[in-house]
Amino acid sequence: MSSHAPESSPTASTVGHLDLVPTSTGDIPGLVAAARAAFDRGVTRPYQARIARLQALRSVLVEGEAELLEALHVDLRKPDIEGWATDIAVTVSEIDFMVKRLKRWMRPERIRLPLTSMPGRGRVIREPLGVALVIAPWNYPVQLMIGPMAAAIAAGNAVVGKPSELAPTVATVLERLINRHLPGDEVGIVQGGVDETTVLLDQRFDHILYTGNGRVARVVMEAAAKHLTPVTLELGGKSPAIIAADADVATTAKRIAWGKFLNAGQTCIAPDHVLVDRRVETEFTEALVAAITEFYGSDPSQSPDYARIVNAGHFRRLEKYLSEGRVLHGGQTDADDLYIAPTVITGVEANAAVMSDEIFGPVLPIIPVEDVDGAIDHVNANDKPLALYVFSRSRATTDKVLSRTSSGGACVNHVVYHVAAPALPFGGVGPSGMGAYHGRAGFETFSHRRSVLSKPTAIDPPVAYPPFTESKKRLIRRFL
Ligand code: NAD
């Protein structure tokens, strides 16, 4: 493993850039087999073992906080407080939420039986699936690896994690911390890119949770199909923010600017574009520009609170969008620093790439619409997004938008916050994903609901058995 300070980092880091050391493809089957052997020994199942592993995962975050924040800074120039809030604290809360409720979630659920099954007892038992695979992306590389792992562990599974090679420093630090705090056979890490993940996906898992883009999701689902492995796909999409004429424009602008430019727009649930009622367009764009300037100053490249684009490929992709509309604010770029200023564009053609691709960066197109109905039509003409945001002072308006559209999740008069409430299941719908996790939803995702019917033997009415006499038939017809 080589270690050197990143040339562009403005702050001294004790972690420094770390090159990823890919797992040897020859070792991957053995690593997965070790996880299966651990599961088969039953060591991941008991309540106390799950709690101990969850606490260990918490220690990865709490004791590793400084290292992880530095690694996030090296890979993404994530501001400390942003990294702490969105990668560390939110994941610690998620784990605490699970620890507090796990005993209750694990309790068998009593089910009322029909008369025909009496006497008897019906239960649904949540049992672990076996060995889970979690494949994480680079944008929130700690949260999106540890969060699903915690859900898999809470449900009593062994788990293998595959961090993103595009955030190599975080991936390396995570591996080190996980190996320090958790037993390597129960919780394994595979490092690498396409080659290693391809070998990994050849192995048999009992559940795969993949977070990333829809193209790779198809590769994952195809590989899973070979083993009939169920998948949870946490994908992206073009999450719209709808602004009605009666919205509180100043607060709306601040909230949208915050959610859009957090992590330089590289957030799966960032507002992708704004559909604003024409009547408040000017007022909104002025407030938006004021909010951006207030947050990041007149030169955001100097702001310690503004992240960078993950790599040159994504930088070039995003730079192209700047010429697809009129730049109303921002637009400055610096390829050497992977910097793209928080940018607002208008006058975008409906068929422009910026209106068909998921933007996933700090470029915000403003699309004026006649009214909320126009915004609803716009949303429904496109794929179901991962998130939808509606801003209005009227409950009737926000209810109308929610009832006439579909999205993975939604916020009324805010953005992004729904991801941080552990009791709200998080996931997409249609092209933005399938399945969900967070809190109980995560526990359920990695559990099998096993229906169990128990009968006593002392009573065994002969009516159910042949030969079926006329009187037996009458009884069966009456009670079935
Ligand atoms: P990425 O490039 O890091 O890829 C994600 C993972 O897929 C990585 O671990 C990578 O190694 C693996 N991978 C890449 N190519 C592969 C292949 N051919 N076969 C198997 N595995 C492969 O991340 P990304 O896809 O650029 O992430 C951005 C996307 O993820 C956006 O669309 C975003 O909206 C979405 N996202 C969704 C969520 C969510 O919670 N729903 C969260 C974050 C990001």
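Me: Why does Asn-263 count as buried?

Reply: In this predicted model, the relative accessibility of Asn-263 is 0%, and because buried means under 20% relative accessible area, Asn-263 counts as buried. Asn-263 sits in the loop between helix 9 (249-261) and strand 11, and its phi is positive, about 55 degrees, although it is not a glycine.

Me: What makes Leu-228 exposed?

Reply: Leu-228 has a relative accessible area of 77%, and since exposed means over 50%, Leu-228 is classed as exposed. Leu-228 lies in the loop between helix 8 and strand 9 (231-234), and there it has a positive phi of about 50 degrees without being a glycine. As background to that angle, most residues other than glycine have a negative phi.

Me: Why is strand 16 (residues 363-369) said to be largely enclosed by the rest of the structure?

Reply: Of the 7 residues of strand 16, 6 are buried, each of them therefore under 20% relative accessible area, and so strand 16 is largely enclosed by the rest of the structure.

Me: How do you know that strand 11 (residues 273-277) and strand 16 pair?

Reply: Two strands pair if DSSP finds at least two bridges between them, and strand 11 is joined to strand 16 by 4 bridges, so the two strands pair. They run parallel, and Leu-275 has Ile-367 of strand 16 as its bridge partner. Strand 15 (residues 343-346) is likewise joined to strand 16, by 3 bridges and in parallel, with Val-344 standing opposite Leu-364.

Me: What makes strand 3 and strand 20 edge strands?

Reply: The open sheet of 3 strands has the order 3-4-20, with antiparallel pairing, and strand 3 (109-111) and strand 20 (447-454) each pair on one side only. From one strand to the next the twist averages 30 degrees. Strand 3 and strand 4 (residues 121-128) are joined by 3 bridges, which meets the requirement of at least two, and Glu-109 stands opposite Val-124 of strand 4.

Me: Where is Pro-119 found, and which peptide bond leading to it is cis?

Reply: Pro-119 is found in the loop between strand 3 and strand 4, and the cis bond runs from Met-118 to Pro-119, with omega near -5 degrees. A cis peptide bond also joins Pro-466 and Pro-467, where omega is about 0 degrees; Pro-467 lies in the loop between strand 20 and helix 15 (470-479).

Me: How do you know that Asn-213 makes a polar contact with the ligand?

Reply: A polar contact is a pair of N or O atoms within 3.5 Å, and a polar side-chain atom of Asn-213 lies 2.6 Å from an oxygen atom of the ligand, so the pair qualifies. A polar backbone atom of Gly-212 is 3.1 Å from an oxygen atom of the ligand, and a polar backbone atom of Leu-235 is 2.7 Å from a nitrogen atom of the ligand. Taken alone the ligand exposes 850 Å², of which the protein buries 93%.

Me: What makes up the shell around the ligand?

Reply: The shell divides into 17 nonpolar, 7 polar and 4 charged residues. The ligand is surrounded by 28 residues, the closest being Lys-162, Ser-164, Glu-165, Asn-213 and Glu-358. Helix 7 gives the most to this shell, with 3 residues.

Notes: Residues are numbered from 1 along each chain as its sequence is written. This is a predicted model: local features need pLDDT of at least 70, side-chain atom pairs count only at pLDDT 80 or more; totals for chains, interfaces and linings use all residues. Side-chain values use heavy atoms; hydrogens and water are left out. Axes are lines fitted to C-alpha atoms, for helices over the stretch in contact, and angles run from 0 to 180 degrees between N-to-C directions. Buried means under 20% relative accessible area, exposed over 50%, partly exposed in between (1.4 Å probe, protein chains only). A residue is near a molecule or strand if one of its heavy atoms lies within 4 Å of it. A polar contact is a pair of N or O atoms within 3.5 Å; within protein, one must be able to donate a hydrogen and the other to accept it, and residues adjacent in sequence count only if both atoms are side-chain atoms. Accessible areas come from the Shrake-Rupley method with a 1.4 Å probe; for residues, only the protein chains shown count as cover. Ala, Val, Leu, Ile, Met, Phe, Trp, Tyr, Cys and Pro count as nonpolar, Asp, Glu, Lys and Arg as charged, and the others, Gly among them, as polar.
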